[in-house]
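Please look over the sequence and the model below before reading on. The paragraphs after it go through helices, charges and a strand in turn.

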Amino acid sequence: MFESVRRGLGNLSQVQLHPNTVFQTALPTILETPQRFFDEVVDELKGNTKVVVDELARAPGLHVIEPQGALYAMVSPGL
């Protein structure tokens, strides 16, 4: 049993934690992405946030804490 544990620990210690070659190859193109793409994504996320927060706020008994950059909203019982 200890031999299999030792082998398993050895395998875990040799796990490579670096980006794969596909990502490394695509990175130069990814870095050339125009700023307008990111601006449009942010605008879309802000619009989605508004819809979620507005709809949750309409629910009786809920208090919504609007996200400030997170991809989730905090909801608590209304006070």
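What follows is a short walk through this predicted model.

Begin with helix α1, which covers residues 2-13. From its first C-alpha to its last, the helix reaches 16 Å, close to the 16 Å expected for 12 residues at 1.5 Å a residue. Helix α1 is hardly covered, with a count of zero buried residues among its 12.

Helix α3 takes in residues 35-58, and D39 lies in it. On the surface, D39 gathers with E40, D43 and E44 in a patch of negative charge. The relative accessibility of D39 is 39%, so this residue counts as partly exposed.

The count of salt bridges comes to two. One of them joins D54 to K50, with the closest N and O atoms 2.8 Å apart. These two residues are about one helical turn from each other, because D54 and K50 are four residues apart in helix α3. K50 is exposed, because its relative accessible area is 52%, whereas D54, at 35% relative accessibility, counts as partly exposed.

R58 and E55 also meet through their side chains in a salt bridge, at 3.3 Å from N to O. Both residues lie in helix α3, three residues apart, which is about one turn of the helix. R58 has 64% relative accessibility and so counts as exposed; E55 has 46% and so counts as partly exposed.

Last comes strand β1, residues 62-65, where H63 is found. H63 counts as partly exposed because its relative accessibility is 41%. Measuring from C-alpha to C-alpha, H63 and S76 are 5.2 Å apart in space, while 13 residues separate them in sequence.

Definitions and conventions: Residues numbered from 1 in each chain as written. Predicted model: local features only at pLDDT ≥ 70, side-chain atom pairs only at ≥ 80, totals over all residues. Heavy atoms only, no water. Patch = residues over 30% accessible without salt bridge, like charges linked within 9 Å, V, L, I, M, F, W, Y side chains within 5 Å. Areas by Shrake-Rupley, 256 points an atom, 1.4 Å probe, with all protein chains shown as cover. Salt bridge = Lys/Arg side-chain N within 4 Å of Asp/Glu carboxyl O. Lys, Arg positive; Asp, Glu negative; His and termini not counted. Charge placed at Lys NZ, Arg CZ, Asp CG, Glu CD. Buried < 20%, exposed > 50% of the residue type's maximum accessible area, 1.4 Å probe, protein only. Expected span 1.5 Å × (residues − 1).
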